[in-house]
Structures are given as structure tokens and as C-alpha cells.
2 protein chains.
Amino acid sequence: MDLRRKIHFLECDRCQRRFGPSESEGTCPDCGPTLGTLTVWYAYDEIARSFQRETLLARREPSLWRYLEILPVPERPALLHPRVGWTPMYDLPRLAQEIGVRRLWIKDDGVNPSGSFKDRASCIGVARALLQGKTTITAASTGNAASSLALFAACAGMRAVIFVPQTAPSAKVAQLLVFGAEVLAIRGTYDQAFDLCLAAAEKNGWYCRNTAINPFMSEGKKTAALEICEQLGFEPPDCVVVSVGDGCIIGGLWKGFQDFLRLGLIQRLPRLYGVQAAGCAPLLTAFQQGQDMAAPLLGGHTCADSICVGQPRDHLKALRAVRQSHGAMTAVEDEAILEAIRTLARKAGVFVEPAAATAFAGLKKLVEDGLIGNDERVAVMLTGNGLKDIATALRASGREPTVIDPDPSQVPA
Amino acid sequence: MDLRRKIHFLECDRCQRRFGPSESEGTCPDCGPTLGTLTVWYAYDEIARSFQRETLLARREPSLWRYLEILPVPERPALLHPRVGWTPMYDLPRLAQEIGVRRLWIKDDGVNPSGSFKDRASCIGVARALLQGKTTITAASTGNAASSLALFAACAGMRAVIFVPQTAPSAKVAQLLVFGAEVLAIRGTYDQAFDLCLAAAEKNGWYCRNTAINPFMSEGKKTAALEICEQLGFEPPDCVVVSVGDGCIIGGLWKGFQDFLRLGLIQRLPRLYGVQAAGCAPLLTAFQQGQDMAAPLLGGHTCADSICVGQPRDHLKALRAVRQSHGAMTAVEDEAILEAIRTLARKAGVFVEPAAATAFAGLKKLVEDGLIGNDERVAVMLTGNGLKDIATALRASGREPTVIDPDPSQVPA
């Protein structure tokens, strides 16, 4: 469908000012980059006429492109990586019982091409950049969004300029370099890398994929919610639990559930729970204080590098998602995150990075705190592959190899 | 189907002695562990009556369990990881043109649960161990088979004792530990770890998953060939290219194509090409010298740790696969392997470990040498995820991050 017919308008998350479908690739000029994030709304009534449960059930496309009718591009770009999204959901009855919920599913987004959830947004970002004839695309990232963007830019033959904090884990930096990106490692924080990237994009006319600043990233991220609905037979779970750094993933999930509700594909919405690391939880603070926005936090620290974000760029969308859905924010200590890595590996056979494990640790806490009840059906979003951060995995394992000589008598029974 | 009805017999690869379906979980006693590897043959005529193209086309099961009729277990074990195999095949027209073949597909087995092809064998190994009521399972491995086994053993609640050479990459060891395996790091080679593991299994009554020694591992590995056939509409490619260490994967692929031919599901067989690293190529030497078996090689070395095998345990099956299929063996230098990592990342968006890239580097060489023609349809098997070996990826990238201060004037245009 033509893009101007498909997208109804873009709306400022703060002042509700509306923009035409092609009018902005950034934030609301009245409210600025920190508050003026935009939400994309579609022509739902018209789309719903031909986009129904049966349409989807008949589709074999095993990627997020199965939702083309509600994606902000006119067609699937030929050059992009063919396998993004449509990640597996595992039903885990034993873990459900152990934690104390009626049903438990985990959605394993670590199997995406670059190993993280961020591929959902990056492929949309590159598709939008291609639409506009851009040849350079840029982003600042703690690591996953960057390696993901580098992959999709490489597939599309675009130049990628990536801003990372110098502390980004080496696996993520290795990915960037292998995919051929130009990597600028900033002697500073993620937040500083973010601002630097924004300024460079504006100055050089590069396409900017930055979370929150780019209104179309949520449209990629929302596809995980659409898949959850479809994979559960259009019966959404009672709750969805996900880790939160910038807030874009939880905001995107909420958008996805809303899109499907507006299209009549689901009949009710789940509650959304955001989990932060206790050492860096500005959105939890904002939630607890009843604020609509998060105050920047300096010097946050956690082993979950992907969500170590002091200034959450998608704070408005994240807080709105949690409040509108009647969910909550919570936070967990690093020790609980490490334990969740172990539990997921040993009881579900899924090896995740610390930020992903944070969501699972959060679920345990939410059940203990009585926010999620024992009769509820819960989905946990796992956002990144454990191979992304080996050092923390080794810490989490609580074990060491036993070094022996090649001598049978040294082998334990 | 009952296992005794489904499996016709096991046959020694050297002396052709036959064993009943439950008679052996190891090698032929007459020929010993080095030469007496066994092949599993099914009751094809009976199976073919109800296992046809239409049967498979109607199946939605996105895992190797879609081939249960020709797997050596009576049913799918409930506890095992739900997503093994049925990995994506990517059609790469641009790379096909660049390399000079008519069609090129790559099969990305790095998306398996533990990130490698070996998951296909490990899940069958654990399923067989469960059948026999074993509580401990063991293996020696350069890394991938081990981390894979650790994952499936964890899912099944079994104890895993893993023998690795002390030089195994840390990512693979981290996975082992996270999955809760007992890891014995041997001050010695993979070959020494292998012998030590065999002795310990026999002494302690542990189930042994070792490549070649266990006849059922090939039955897991063959499923990649079955998937290639199905994913190409039952029209196998002209050639399949795969890296070779122990030789079990190429042997397993050949078994898969043969099974489908015997069932009438395909009409012809592809040629199989095995690629070794030039620094450790005992199977290439055996092939060139017209030998049926490989002479052990001491002191082999390559960046492709997964195929750094001086004494290939599945040499009989590997050499037979290459010769019977009218394929060949070849070898590539480490530099070509690093270049293949870059090419696959930057032109196909797939990040692979060195051993996987070896197959792609081999394809280039086979085309240059005229062994694979410009009019041929080729599938390349990619056996492991690039996140498994970050150090080599960094070397392969040929790039480094540019470190800058958070200062716009330091950003290049």
C-alpha cells in the first residue's frame, strides 16, 4: 500500500501536534529531542478491511515482514537480511510452576541475525534510509543497536558510522567491525555518544537511527508484540515482562498491542512490566514519583550493559506504556541478574545476555511482590544472546573448569 | 513407530558386519573404535509408504523432529529444547555472481540453540541416553559439540561431563559452565581429550556422545541434508560444500541425502566437497593419496579451532561421502578463512565462526580450480555462530575503532 495512504499521521508524545506521514523523521520541533518523541498512527479502519486473522494465518513468511501492512515502508526492501523477527516462543511449564504463575512463555530474540531484539528496529531504519536515498546511516548505542545497524547497513551497501561508549563489550565491537562499520569509541558515557551522534547526523545529513529520536524504531520493535499475539492464537498473555534501558522496547511493545487492538485482531491488552537494573533505574524512580519523564541519572552501573542508560531517551513512551497498561516498573540487583542467566540456561536451555536475564529476574520479583498473580499467563521478552557477553556469563556460571593432565586417573567418577 | 521396526540394522563401515537395532551404541568390536564406525539403516520400504513429500509439506514443525520417521528414537522427548534444526537457507544471487556459480545458498546453522550445527547431534545423543535410563552423558570436543551437549543435558536434567582441550575458546567454555556442565580442561590436544573421555565413559558407564564412536550422531547431523532438500523443493543442489574436522558432518550429510533417495523423496544426489584448513588437513592428504583412512597428524594448527583435528574420528564416512558422491576434498589457508568471515558478514549479513567460513573460502577455491562449474547450483553449510570466537573476528575485520573524546570536532564527516 502507498505510504501516504497507510500512515495516517505522526503525533508528538507530549503536545499531540500532528505531522504528515513524510513530514518528520525526527522529533517535534516545539518540544525538542528530549520530550518531543513521535508516535506513528495508521489508517486502521481501511487496513483492517483486508488485514485479518485469516490473512495472517495463511502467511508463511517467517519474519517481521509478515506485518507489512502496518510497517512504515511501502514494500519489503529486496536487499535486507531475510530473517528478522518471527522468533520462537517457548512454553515452560516447569519454570512456570517453580516461579508460581499459571503459564510462562519466553520469547527468544537472541536468535535474530545479529543476536538481539534491536534487529527489529535496525531493519526498519535501513529500509527508511533507503527510501530517502541516504547513503550513510548513523547511531549511538551501548552495543546491540549498533551491531544490528552495522549488519543491515552492510546488506544494503550503506556506510554505517557508529558511536559507542569506549566501555562497550568486545563482542559487540567485534561485530561492528566485522560488518564493516566505522566505529567511533567515545571516551565517555552512552549519553554523550548519543548527543554526539545526533549532532553529527544533523551536520552531515546522515540518516539517524537513534532510539526515540527516530519515530520509526518503535514500529520495528512493536513487531515482537504482534508475534506474541499471533503465537498465542490471538489471545495475549495477562502480562508481558521486559527489561528497560532507553524505554524504546517497552514502548514499542505497547504500540504493537495497541495496533492489533485497533485492527480488531485482539480483544484485550496485557499489562506491561518494565525491569531495570537496581544500579541504574531512572525510569523506576520516575514511575514511583509519578513523573511523566525521567530525570537523568549520573554514574549508574550494572553488569547488564545494554540497559545501563542514565538518560532514557524514550521515557515518555515507556512510562505511558506501563501506566496505560496498568503494569509497573521494578528493579533487580546484579546478583539476581546473574542467577537468572544460570536459571534460563540450565532450566530452559536458553543462553542470554545480562539485560535479557534482567526481565526474568524481574518476573520472579514481581511474583514475590504480588504484582503478578499465581493464576496469570505471562510472557517474558528475552532481548539478547548470551554469547554477546562472555565475561559476565563466566561470572554467572559460578563454576570453573577443572584442569587435568591427559591421564585417566585424574578423571573424577 | 517402534524402534525395532523402524531401524533395520547397524552396519560396520569397514567389515560390513551387521548389528541389531539395540545391539550397539558404539563401534564394531572386530574393527575397533578407530575403524569400526557404524551406519544406521532403516526399513525404508515400509517407512516410504507413509512418509512422502506431501507428508512433509503438510508439517508445520519447525525443527528436525519433522523427520521423526527416520530418526533413531521412538518419539520426540518432551524435555528437550524445542528448536533444533530447520535453520534458514539464504539465496544469495549477488554473491553467486561474484563467485561464479549459477545459484548459491548458504544454510545458517549458527542460529541453533547453542549456536552451532552440533545441536543436531547432541539432541539425538541426549534422547538416546534418556531411552537407556542414563543419568550422566559425556563427550570430548573442541568446543561446539560440548557446549551443545551441555545445553541438551541441562534441559533433560542429566549430568554432563565434558572433556575439552585447555585451548578451547573462552566463549565455548563459558557456555559449558553456564549450562552447568562439569568441565575437564585437558593439558593436551583434542585427540587426547577424546581418548580420555572414551576410557572414562567405559569405566563409569556414562553415555558417550563422542563423534564417530556413537553411531547415532550421524543420524542427527544428516537432518541438515534433509532440510536442504526440502527447502529447495526436493531438488537437491549440484554440490554441497562443508568444512571438515572429524568428518562427521560431511558423513552425516551424505547419509541424509542417501536416506531421502532411498525413500524416493529425491531423484539424484549432490556432489559433496569437504574443506579443511591448510594447517590441519589429514583428510585432504588421505583423499589425495587414495587412502580409505586418515593417518594421524601431529601439531596441526589453524584459526578455525572447531576443525583443528589431527586424528579425524569419522574418516571412513567422510572419505566415502566425498568419493561416492564424486566430490573432492580441498584446503584453504587461514588468510582465506578470515577473508571469508568478512565477505559473509558484509555481503550476506551472516556472522560466522572461522570453521564455518572455511566452507565458503573452500567454495571460492573449488570454483577457481574448476572443480565446481559456473553453471552449478551450490549450497554451503555454515556450521557455527561468529559470536563463538570474537578474537578471530576482530582479526578478520581488519579494522579498529577510532577512539575520540565526546567533542563534535573530532567526528569525521
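Of the 413 residues of chain A, 61% count as buried. The structure described here is a predicted model, and a look at chain A as a whole makes a good starting point. Its secondary structure comes to 17 helices and 14 strands. The C-alpha trace of chain A spans about 75 × 50 × 45 Å along its principal axes. A compact globule of 413 residues would have a radius of gyration near 22 Å, and the 21 Å of chain A therefore agrees with that expectation. Contacts in chain A also reach far along the sequence: among those with a separation of 6 or more, 71% join residues 24 or more positions apart.

The sheet of chain A comes next. Six strands form an open sheet in the order β4-β5-β13-β10-β11-β12, with mixed pairing. Its edges are β4 (89-91) and β12 (328-332), each of which pairs on one side only. On average, neighbouring strands of this sheet are turned by 25° against each other, direction ignored. Within the sheet, strand β13 (residues 377-382) of chain A has five of its six residues buried, so the rest of the structure largely encloses it. On one hand, β13(A) runs parallel to β5(A), with six bridges joining the two; here A:Trp105 has A:Ala379 of β13(A) as its bridge partner. On the other hand, β13(A) pairs in the parallel sense with strand β10 (residues 239-243) of chain A over three bridges, and A:Val378 in β13(A) stands opposite A:Cys239. Further along, strand β11 (residues 271-277) of chain A runs parallel to β12(A) and is joined to it by five bridges. In that pair, A:Ala277 has A:Val332 of β12(A) as its bridge partner.

How are the two chains arranged? A turn of 180° and a shift of 0.0 Å along the axis lay chain A on chain B with an RMSD of 0.0 Å. The two copies are thus related as by a two-fold rotation axis. The contact between them takes 57 residues from chain A and 57 residues from chain B. Several elements of chain A each supply at least two residues to its side of this contact, among them α7 (144-156), α9 (190-204), α15 (334-348) and α17 (390-397). The most comes from α8(A), which gives seven residues. By class, the side of chain A that touches chain B has 36 nonpolar, 14 polar and seven charged residues. Because 100% of the interface residues of chain A are also interface residues in chain B, the copies meet through the same surface.

Strand pairing also crosses from one chain to the other. Over three bridges, β8(A) pairs in the parallel sense with strand β14 (residues 402-404) of chain B. One of the partnerships here joins A:Ile186 to B:Ile404 in β14(B).

A:Val111 offers a closer view of a single position. This residue lies in the loop between β5 (103-108) and α6 (119-131) of chain A. A:Val111 counts as buried because it has 23 C-beta neighbours inside 10 Å, where 20 or more are needed. Leaving aside neighbours within four places in sequence, A:Val111 is in contact with A:Thr87, A:Pro88 and B:Val111. A:Val111 and A:Asn385 are 274 residues apart in sequence, with a C-alpha to C-alpha distance of 7.0 Å in space.

Terms used. Residues numbered from 1 in each chain as written. Chains lettered and ligands numbered in written order. Predicted model: local features only at pLDDT ≥ 70, side-chain atom pairs only at ≥ 80, totals over all residues. Contact = placed C-beta atoms within 7 Å. Helix = DSSP H or I, 4+ residues; strand = E, 2+ residues; numbered from the N terminus. Nonpolar A, V, L, I, M, F, W, Y, C, P; charged D, E, K, R; others polar. Pairing = 2+ DSSP bridges. Axes fitted to C-alpha atoms, helices over the stretch in contact; angles between N-to-C directions. Rg over C-alpha atoms; globule rule 2.2 N^0.38 Å. Buried ≥ 20, exposed ≤ 12 C-beta atoms within 10 Å, placed from the backbone. Least-squares fit on C-alpha atoms with pLDDT ≥ 70 in both.
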